[in-house]
Amino acid sequence: MRKNKNKRQPTKRKTASQTQKSKRPRSDSPKMTEKDSSELTPFEIFFQKIEKFSKLHMKDRDRVQEILQSMQKAGSKTLQVISDFDMTLTRFEYNGKRCPTCHNILERSDVISSDCKKKLQGLLDKYYPIEIDTTLSVEEKLPLMVEWWTKAHELLVNQKIKKDGLAKAVRDSDAKLRDGYKDFFDHLHEHSIPLLIFSAGIGDILEEVIRQTEVFHPNVKVISNYMDFDESGVLKAFKGELIHIYNKREGALLNTGHFQELRTQTNVLLLGDSLGDLNMADGVQDMENILKIGFLNDKVEERKQSYLDSYDIVLIKDESLDVPNAVIRFLTE
């Protein structure tokens, strides 16, 4: 009986190992054939490294490989990074608690009255489910998103917010950039890679967040909704055209001057957390390659397939910038 039992044990261990491999969530397409480490190319070593991130998913890994190899061949001088801010560069949650967006930072501060806070929360409760509703088309969402942002901005303007109170509002908030943010901002700066932050949030708050974390380097440009203050430093309106989550393409096309300056940077690393972020690079001239990395923070099961269909790499409930950092380091080696 012992002999029979001993003979069966290796088979059980092998089957368990095979089953474990088949359940790995890192990629939704076949993996490369295993090789001895001495036979691997630098690219294969890098790609195996990022596939070890348990929260990383890909629909078409061959396409991701092709894009990365082409971008690496072109060199880091042709690279630019375009990123959303709220819930992309900032954390979605920390210790089980939702982190604030730029708007939330103001809403939760003492520069806003309790009545205004209730009204802003009511807008969030009404419109956020619409924003992430997978059964509605972008066309159906567009007027509702404009309605949301317009009403929120009107409420904020009526609060007569003082410019000198913004720094304290940020300092007192629970806003947090994703883990690895310093490596992300510093490495891009060291290699003179332009970073365009494209946000439907509030530009003044956004800038204050990255300024207080000491990563607001000269290579960073922000396109967002900026406050307009009167001569006494009191908010009187918001400047320019409204930027919301689903009109970033139009915002990109309005900033042709920025993209004209970067016409030699024809390879793009795009980071976003919504399907509305996918068009942020539409103003890039003569684009050769674009690698799209999407953070799926919420309503995962309902939205996973649409994200896999839209982004090259999807990071599910990942509160770090580890994968973007690994990609950037690979492209700058």
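Which residues point one way from β10, and which the other way? N289, L291, I293 and F295 point one way, I290, K292, G294 and L296 point the other, and all are buried. Here "buried" means under 20% relative accessible area, with exposed over 50% and partly exposed in between, using a 1.4 Å probe and protein chains only. So β10 is mostly covered, eight of its eight residues being buried.

Before going on, a word about what you're looking at. This is a predicted model, where local features need pLDDT of at least 70 and side-chain atom pairs count only at pLDDT 80 or more, while totals for chains, interfaces and linings use all residues. Residues are numbered from 1 along each chain as its sequence is written, and side-chain values use heavy atoms, with hydrogens and water left out.

Now step back to the whole chain. The protein chain has 13 helices and 11 strands; these are DSSP runs numbered from the N terminus, with helices being H or I of at least four residues and strands being E of at least two. Of its 333 residues, 51% are buried. Look at contacts (heavy atoms within 4.5 Å), and you'll find that among those with a separation of 6 or more, 71% are between residues 24 or more positions apart.

Back to β10 and its surroundings. It belongs to an open sheet of seven strands, in the order β1-β11-β10-β9-β2-β5-β6, with mixed pairing. Two strands count as paired if DSSP finds at least two bridges between them. The edges of the sheet are β1 (56-57) and β6 (220-225), each pairing on one side only. Strands of a sheet pair through backbone hydrogen bonds, either parallel or antiparallel.

Follow the order from β10 and you can pick out some partners. On one side, β10 pairs with β9 in the parallel sense over six bridges, and L270 stands opposite K292 in β10. On the other side, four bridges join β10 to β11, again running parallel, with F295 opposite L315 in β11. Carry on to β2 (residues 79-83), and you'll see five bridges joining it to β9 (residues 267-272), also parallel. There, L79 stands opposite N267 in β9.

Helices pack on this sheet too. Helix α9 (residues 203-212) touches β5 (195-202) and β6, and its direction makes about 125° with that of β5. Helix α13 (residues 322-332) touches β1, β2, β9, β10 (289-296) and β11 (313-316), and its direction makes about 160° with that of β10. For these angles, axes are lines fitted to C-alpha atoms, for helices over the stretch in contact, and angles run from 0 to 180 degrees between N-to-C directions. Nine of the 11 residues of α13 are buried, so this helix is largely enclosed by the rest of the structure; among them are V323, P324, F330 and L331.

Two single residues are worth a visit. L144 sits in helix α6 (residues 138-157) and is partly exposed, at a relative accessible area of 26%. Leaving aside neighbours within four places in sequence, L144 is in contact with Y127 and I130. I130 is 14 residues from L144 in sequence and 8.1 Å away in space, C-alpha to C-alpha. D186, in helix α8 (residues 181-190), counts as buried because its relative accessibility is 15%. With the same neighbours set aside, D186 is in contact with V215 and H217.

Finally, the empty spaces. They come from a 1 Å grid over the protein atoms alone: a cavity is a set of points where a 1.4 Å probe fits but cannot get out, a pocket is an open set with protein on both sides within 12 Å along at least five of seven lines, and lining residues have an atom within 4 Å of a point. Grid points are joined across faces, edges and corners, and a volume is the space filled by probe spheres set on the points. The largest pocket has a volume of about 560 Å³. Its lining has 28 residues, with M87, T101, N104, L124 and W148 nearest the centre, and α5 gives the most, with seven. A search of the whole structure also finds three cavities of 30 Å³ or more. The largest cavity holds about 50 Å³ of space, and its lining includes M87, Y128, D273 and F295, the last of which you met in β10.
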